[in-house]
Amino acid sequence: MDLITCPHCGSDISEMNRFCPSCGNRVHRGDPSSREKFRRWWLIPFFILILAVLCLGGFYYYQQHLTQEAVQSFQKGEQLALKGKYREAGDAFSDALKKRPHFPAALLNLKIVNIGLDIESDLQTAKQLEKHKKYDQALATIDRASKKLQGYKGKIVTLINHSISQAKISATVGKLRQEMEGKDSIDALAPILTKAESLNIPEAKEIAKQIRAQIVEIAYSEANQLLNEKNYSSALEKVNDGLKYDPSSEKLLGLKKAIEKAKKEYEAQETAIANEAIQKAQEEYEHNKKEGVQLVDIKAKLDEYGNVEVTGKVKCTATVPVTSVSVSYTLYDENGAEYATNEVIVVPDTLNPGDEGTFDYTHFNVNGKLTVKATKLKWYLAD
């Protein structure tokens, strides 16, 4: 049995029924227009469904497109930021946020590049301070800039920190070079060398190399001057001071050998001179002790009263003063017999080298001519 659809309620009814058992309305089975109307009403929900699916799909793809554009802007911003183009990068991150306001990474990077722009300005200020050789102010500006990125991480932060590090190196190297100016002593250069060596960068290593070379030149010049003055110990000390900073310096090592050789020869000469001086001093002492005083004259004279006066003169031939000089003599009568012996003191008491002294003594009631002969001279060497 064929079934038809009720145009009023949509129920299936037999083709034989004239009325719909569900709604009671009359059904015109042979009316073609009724069937056409029925088909049209049935298509409306289908078209609505299709339209809804299309709208949802379009909205979904539109959102996907916005997300994709936001990601592209974000990636572009990262690339620009990593090239140091912080302003353009900031525009790209702002564009990403316009398309996707809830984009945490873009928001964070926008904040970082804005800080980067601020730091870039600080570094330019530091560079200008460097040009005017205001290195302490430049370093203070750089330190303040570095604190602005504390707590942030990422590739962009690393790049900005690298720029800060390079600026600090430049200012530090400039300050080291400034401190080197006018320094002409090892003690003045040594602290600067320590600072340079503490910086593990090529520029600082080059400065350290220059300072070592300068120290070598200073040590060489001062040691050479001391060598010419025959101050060998001080010269060696100065060379060793220089070698502390450059142990392999051929210039200083060569000078050290020359100083040691000259010192050895000088000491040998000094030893020979000292030995010669000792020998000479000994000979001089022996001379002063044995021949320090010579008898110049002695005679005995009989006066009208029968007295014999003995007079004489001595001379100091010693190299040092002599004191308490005395002359011993013997008197003989006309027959050659010994008449008397005596010791008389010379005046003055002290005779300097080359000085002469005299002595005299009177023998009373001799009543005859006597001859005199000096038997001994005695003296003491002054301290």
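These questions and answers cover charged side chains in a predicted model.

Reader: How many salt bridges does a search of the whole structure find?
Author: The criterion is a side-chain nitrogen of Lys or Arg within 4 Å of a carboxyl oxygen of Asp or Glu. Searching the whole structure with it gives a total of 14.

Reader: Which residue forms a salt bridge with Asp-136?
Author: Asp-136 sits in helix H4 (residues 135-147). Its partner lies in helix H5 (residues 155-180), 39 residues apart. The closest N and O atoms are 2.8 Å apart, and the partner is Lys-175.

Reader: Is Lys-175 buried, partly exposed or exposed?
Author: Buried means under 20% relative accessible area, and exposed means over 50%. Lys-175 has 24% relative accessibility, so the label is partly exposed.

Reader: How many residues apart in sequence are the parts tied together by Glu-222 and Lys-238?
Author: These two side chains form a salt bridge, with the closest N and O atoms 3.1 Å apart. Glu-222 lies in helix H7 (residues 202-228) and Lys-238 in helix H8 (residues 232-245). The parts they tie together are 16 residues apart.

Reader: What N to O distance goes with the salt bridge of Glu-286 and Lys-290?
Author: Both residues are in helix H9 (residues 250-291). Because they are four residues apart there, about one helical turn separates them. Their side chains meet at 3.6 Å.

Reader: Where is Glu-304 found?
Author: Glu-304 is exposed, at 72% relative accessible area. It belongs to a surface patch of negative charge with Asp-303, Glu-309 and Asp-360. Its place is the loop between strand E3 (293-302) and strand E4 (308-316).

Definitions and conventions: Residues numbered from 1 in each chain as written. Predicted model: local features only at pLDDT ≥ 70, side-chain atom pairs only at ≥ 80, totals over all residues. Heavy atoms only, no water. Patch = residues over 30% accessible without salt bridge, like charges linked within 9 Å, V, L, I, M, F, W, Y side chains within 5 Å. Areas by Shrake-Rupley, 256 points an atom, 1.4 Å probe, with all protein chains shown as cover. Lys, Arg positive; Asp, Glu negative; His and termini not counted. Charge placed at Lys NZ, Arg CZ, Asp CG, Glu CD. Helix = DSSP H or I, 4+ residues; strand = E, 2+ residues; numbered from the N terminus. Buried < 20%, exposed > 50% of the residue type's maximum accessible area, 1.4 Å probe, protein only.
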